[in-house]
Amino acid sequence: MGVQNRVALVTGSGSGLGETTVMMLAQNGAKVVVNDVDQAKVDKVVKKIKSAGGEALGVAADISKKDQVQDLVQKIVKQFGTVDILVNNAGIARDKGLLKITEEDWDIVLDVNLKGPFLLSQTVVPYMKERKFGRIVNISSRAYLGWPTQANYASSKGGLVSFSRTLALELAKHQITVNCIAPGLIQTPLYDALPDNIKENLMKSQPTKTIGKPEDIGYGVLFFADDEADYVTGQTIFICGGKSVLSSLSV
Amino acid sequence: MQIKGRVALITGSASGMGRGTAEIMAQHGVKTVINDVNQGMVDEVVKGIKEAGGEVMGVVADITKKAEVEAMFKQVVNTYGRIDILVNNAGIFRDKAFLKMTEEDWDKVLEVDLKGVFLCSQEAVKYMREQGYGRIVNISSRAWLGGPGQANYSAAKAGVVALTRTLALELGKRGITVNCIPPGLIETPMWHSLPEEGKERLLKAQPMGRIGSPRDIARTVMFFASDEAGYINGQTLYVCGGKSLFANIG
């Protein structure tokens with residue numbers, strides 16, 4: 001039932017959505033792995049989980065580097081024996097108009113947001129196949145539908161949706177599900193830092209007239225990661241208060 | 001998951017997926033309303049849930065008749081004081097090749113599968129608006145993407161998706177969310193009634209090589225219907241073992 005005793009890795013869980021998600025998985029009885037590039041952030045979240053009585057391992061690693069990904073997974077397997085749940089959450093943005101996006105802006109966003117999930121999935125899937133159980137949850141973004149100044153970011157997040165769908169088909173026979181969550185507006189430090197008039201405009205265009213909380217995303221992850229979610233695969237659900245309905249690509 | 005104590009009406013819940021959903025919701029402490037057109041079947045499900053310790057009432061009503069729908073919701077609110085969750089599950093099909101489909105086949109399927117959803121939602125929303133809280137979960141079908149022999153059924157179920165999206169936009173600011181589940185192949189009495197070779201052919205086309213159970217639908221209904229799902233709105237989530245990926249609207 002649920003995620004009890006499952007081993008769950010959440011990338012980019014040193015802060016924001018990832019931190020909340022990894023904490024929620026731990027609260028629900030999963031053995032969790034906190035990953036981020038920043039060791040101090042990793043340590044902080046691991047400490048929080050442990051002091052709340054949860055089981056956690058922290059590993060600082062850059063998920064866009066193959067050797068670091070392999071090392072990360074090795075450490076998890078050594079400690080917990082396997083990886084049951086992989087949440088590809090780590091992501092970065094470098095928003096700029098098309099003509100101002102440098103090659104480096106393009107590469108780094110694609111490397112972290114899309115190549116990272118590829119490398120991680122490829123590394124953990126053999127363990128999942130062996131145990132005939134796996135849950136991969138990819139955190140995309142509503143921006144994959146297209147958004148000005150996000151040519152790199154939107155492409156990476158759109159790629160993540162396609163990647164999820166392909167993997168779902170390839171792995172369906174191995175009892176491994178692959179699903180995708182596309183968050184809309186969520187209250188994170190990034191949102192809080194916006195000027196008030198921009199926040200107001202954003203809020204106005206929300207069908208619910210509310211903004212989501214990191215917990216809303218964590219709740220979606222728990223749904224897909226659940227032992228019992230075994231007939232749900234290849235799906236993309238927006239957690240966005242209904243804003244996705246205003247776009248043509250939202251079913 | 002916070003859902004205990006909520007009041008949920010599930011249409012067409014005397015058998016199949018609706019019944020499975022109602023029973024599992026009742027196990028989670030939801031006050032459950034069983035609705036169907038057949039009194040005997042409603043009574044049986046109510047009895048089973050009561051014996052298992054659940055809180056439940058049964059209402060026989062034809063959801064295509066406005067007066068019966070109004071009376072049904074009145075009865076629910078009189079008994080439980082509110083209506084938090086509406087699961088529009090009732091559905092019928094009359095599969096036929098396009099040229100063999102009679103006007104009656106068309107009307108009947110559209111009335112139950114689409115107009116019934118409209119009537120029940122309209123009535124439920126009257127109460128949900130006052131509460132400032134509501135969860136509507138519509139059961140569409142993967143067949144809305146198109147299926148030979150299902151001109152009427154697929155049109156009705158596509159209508160359910162569109163209705164979901166429109167209501168989500170209209171009601172979002174009132175604390176009411178509206179979401180949609182298109183099930184794929186699920187083990188129901190209908191599945192068991194298929195000939196063996198038909199079943200085999202269908203199974204072969206499943207990415208997972210198997211079908212789902214009513215439980216798969218029930219837990220997804222509860223996901224959308226829980227208190228925590230307040231920011232999930234207007235969504236269509238297939239529970240189909242990945243089969244939806246072969247269609248271009250996925």
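**Note on the α3/α4 packing of chain B and the two-chain model**

1. K66(B), V69(B), E70(B), F73(B) and V77(B) form the α3(B) side of a helix–helix contact. Facing them in α4(B) are L119(B), C120(B), E123(B), A124(B) and Y127(B). By class, this contact between α3(B) and α4(B) has seven nonpolar and three charged residues, and no polar ones. The model is predicted, and the points below should be read with that in mind.

2. Now the geometry. Two packed helices are described by the angle between their axes and the distance between the axes. Helix α3 of chain B covers residues 66-80, and helix α4 of chain B covers residues 103-131. Their axes come within 9 Å. The crossing angle is roughly 35 degrees. The crossing of α3(B) past α4(B) is right-handed.

3. V69(B) deserves its own point. This residue lies in helix α3 of chain B. Is V69(B) buried or exposed? V69(B) is buried, because 23 other C-beta atoms lie within 10 Å and the cut-off for burial is 20 or more. Leaving aside residues up to four places away in sequence, V69(B) touches A61(B), I63(B), L119(B), C120(B) and E123(B). Among these, L119(B), C120(B) and E123(B) belong to the α4(B) side of the helix contact.

4. A distance for the same region. V69(B) and A124(B) are 55 residues apart along the chain. Their C-alpha atoms are separated by 9.4 Å. A124(B) is also one of the α4(B) residues in the contact with α3(B).

5. Secondary structure of chain B. There are eight helices and six strands. Read along the sequence, the pattern is β-α-β-α-β-α-β-α-β-α-β-α-α-α. The chain therefore alternates strand and helix from its start and ends in a run of helices.

6. Overall form of chain B. What radius of gyration would a compact globule of 250 residues have? The expected value is near 18 Å; chain B has 17 Å, which agrees. The C-alpha trace spans about 50 × 40 × 35 Å along its principal axes. Buried residues make up 55% of the 250 residues in chain B. Of the chain B contacts with a separation of 6 or more, 71% come from residues 24 or more positions apart.

7. Chain A, for reference. Chain A has eight helices and seven strands. With 251 residues, the globule value is near 18 Å, and the 17 Å of chain A agrees with it. Its C-alpha atoms fill a box of roughly 50 × 40 × 35 Å along the principal axes. Buried residues account for 54% of the 251 residues in chain A. Among chain A contacts between residues at least 6 apart in sequence, 71% join residues at least 24 apart.

8. The interface. How many residues of chain A are in contact with chain B? There are 27, and they meet 31 residues of chain B. On the chain A side, the elements that give two or more residues are α5 (151-171), α8 (214-225) and β7 (236-239). By class, that side has 13 nonpolar, nine polar and five charged residues.

9. Confidence. Chain B averages a pLDDT of 95. In chain B, 99% of the residues score at least 70. For the model, ipTM is 0.87 and pTM is 0.92.

Technical notes. Residues numbered from 1 in each chain as written. Chains lettered and ligands numbered in written order. Predicted model: local features only at pLDDT ≥ 70, side-chain atom pairs only at ≥ 80, totals over all residues. Axes fitted to C-alpha atoms, helices over the stretch in contact; angles between N-to-C directions. Helix = DSSP H or I, 4+ residues; strand = E, 2+ residues; numbered from the N terminus. Left-handed = near helix turned anticlockwise from the far one by under 90°. Contact = placed C-beta atoms within 7 Å. Nonpolar A, V, L, I, M, F, W, Y, C, P; charged D, E, K, R; others polar. Rg over C-alpha atoms; globule rule 2.2 N^0.38 Å. Buried ≥ 20, exposed ≤ 12 C-beta atoms within 10 Å, placed from the backbone. pLDDT = per-residue confidence, 0-100.
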